[in-house]
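User: Could you walk me through this complex? I would like to go from its core outwards to the chain contacts and the confidence values.

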Amino acid sequence: MPNPELRGRAGASVLSFFLLLLLLAAVPSEAADTVTIDVGAVYASNEGTSIDPALGKIRGKLRSMFNYTSYRMLDRKRRSLSVGETGEFELPDRRSMRATPLPARGDKVRLSIRLSEGPRNLLTTTLGLRRGGMVLVGGPPHQAGVLILIISAE
Amino acid sequence: MDCGTALGKINAKADGLLPRQEEAELADHLAGCPACAADDAAISATGPVLRALTGIRAMRNAPALDAMWTRVRAGIDEGRDTRRRSSWLARWSWIPAAVVIALLALVFSPSRTDRPPFHPSSFEVAVEDVESDTATVALVDKGEDLPTVIWIIEDAKS
Amino acid sequence: MNEREKGGVPDDALIRMTLAGDDGAFGELVERYKGRAFAVAVGIVGDGDDALDVVQDSFIKAYYKLKEFRFGSNFYTWFYRLLVNQAIDRWRKSARSAEVPFDESWLSEDSSPPDGFAYPRTPENLARDRELGDALQRAVDALPEYHRAVIVLREVDGMAYDEIAKVLGCSVGTVMSRLHYARGKLRETLKSHREG
């Protein structure tokens, strides 16, 4: 009699393979004149002392800038947007961020960013940064601490 | 003794593998050869200078190093929770979980936290305008080595 | 057994206690080796924050792999194998192609070169000679990973050649040749600094 656990694992492997194909088909290819916006949502608090390794080189920067003892990456999203195209990023606690690349020269990127919580406009800003650059937007409460968004543009 | 042989003996001395008699012969050569003497000084100094370099980093990171067991213990506890959840899910939930993943993959763009860590190449930012209907916004710029922060202080909240 | 008594307990006993469910015993192992582990990690990855993460991740990995430890062998050699592999992986992932300047201005305001030494041999003296610190850090970063690991294990940790060979999974001959190569590169950096 076949081992049900083995049969279950084989089925999971086959399904995972087809799901991977599905995912790859859904990935948009990079085009010219696009800006890739990467948004990391970080939960900063004084609960514990762990600092998420996924934060990479900016761990030390976060420790220098804020007095929180713990930083955990909750989510990270990435969108490739053409100039003028608006992308929406869902964030924790019913918040969302809409970002639109604006015309810019050379290796500069200009972004129009709107951060909302339901119908409330928390922030509207226009930023200019270099490709590969980064800016932080923080302060909205989350659980026992705050949310800090790490926004970078490539 | 030629300089090529001397360099070999200098390395052997640094490794603690040079017999005493050969040490004396080497010392004679070094006394009359400034180039080999410079090599000997540099090779002998490698260890102490590297340890000094490490010492600087250790002093700077001392508070975090003191808290290492706290961090490790937190990581161990987190690992235990993950393993408990994984074992339950692996046994009972792979079918509905697979269906949910398929639907999410179709509806949303890929979203992962396991990409390579952040590596910003610049913190240079120009804030052209900023406004809020429901909060006070502060701009914090602590210099070019730190990212600019736009800090939102929601009205009626601290 | 209370915390103070654990101080003189051999590594093997602490490992057995950990496997029996006493996490505090593992804490004693962490306290015992975290300093040396950090020195090795920072020598390989070059960055203090990365080194702290490497040490943390290595201890966590060691905890979960502890049942694979062979009693009678050295814990620190077994642990260092995990540590060096973690450090090299971290180095590769961080892709430190951009040069990170050696900036320890917080340690000393005085930027004049040290007196009375051919080379600075203490952290305080080296901090005053920022140019040398910068040059040496670049030279270490430029070494291939396993050559860097060898020179750090030998010169910073003082590990014996046969132990280094066990940690890196290679022969003593390979350890010696990597060590001589690394020394040669660092020697050139030190000499050119002295010659100004």
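User: Leaving aside neighbours within four places in sequence, which residues is Val49(B) in contact with?

Analyst: Happy to start there, keeping in mind that this is a predicted model. Val49(B) is among the residues with the most contacts inside the largest nonpolar core. Leaving aside neighbours within four places in sequence, its contacts are Tyr119(C), Pro120(C), Arg121(C), Leu126(C), Leu136(C) and Leu190(C).

User: Which helix gives the most to this core?

Analyst: The core in question has 66 residues, and Val40(C), Ala41(C) and Ile44(C) are among those with the most contacts inside it. With 12 residues, the element that gives the most is helix H3 (residues 23–45) of chain C.

User: How many residues are in the second, separate core?

Analyst: Good one to ask next. Met73(A), Ile113(A), Leu122(A) and Leu129(A) are included in this second core, which is separate from the largest one. Its size is 41 residues.

User: Which element gives the most to the side of chain B that touches chain A?

Analyst: In this interface, 48 residues of chain B are in contact with 48 residues of chain A. The elements of chain B that give two or more residues include helix H5 (68–92), helix H6 (94–107) and strand S1 (125–131). By type, the residues on this side of chain B are 26 nonpolar, 11 polar and 11 charged. The most, 7 residues, comes from S1(B).

User: In what sense do strand S6 of chain A and S1(B) pair?

Analyst: Strand S6 covers residues 120–130 of chain A, and there are 6 bridges between this strand and S1(B). One place to look is Thr125(A), which stands opposite Val130(B) in S1(B). The sense of the pairing is antiparallel.

User: What pattern does chain B follow along the sequence?

Analyst: Let's count its elements to begin with. Chain B has 6 helices and 3 strands, and 25% of its 158 residues are buried. Read along the sequence, the pattern is α-α-α-α-α-α-β-β-β.

User: Which element of chain C has the lowest mean pLDDT?

Analyst: For chain C as a whole the mean pLDDT is 81, with 82% of residues at 70 or more. Helix H2 (residues 11–19) of chain C has the highest mean among its elements, 93. At the other end, with a mean of 42, is helix H1 (residues 3–6) of chain C.

User: What ipTM does the predictor give the complex?

Analyst: The predictor gives two values for the complex. The pTM is 0.55, and the ipTM is 0.76.

Terms used. Residues numbered from 1 in each chain as written. Chains lettered and ligands numbered in written order. Predicted model: local features only at pLDDT ≥ 70, side-chain atom pairs only at ≥ 80, totals over all residues. pLDDT = per-residue confidence, 0-100. Helix = DSSP H or I, 4+ residues; strand = E, 2+ residues; numbered from the N terminus. Contact = placed C-beta atoms within 7 Å. Nonpolar A, V, L, I, M, F, W, Y, C, P; charged D, E, K, R; others polar. Pairing = 2+ DSSP bridges. Core = buried A, V, L, I, M, F, W, Y, C linked by C-beta atoms within 7 Å. Buried ≥ 20, exposed ≤ 12 C-beta atoms within 10 Å, placed from the backbone.
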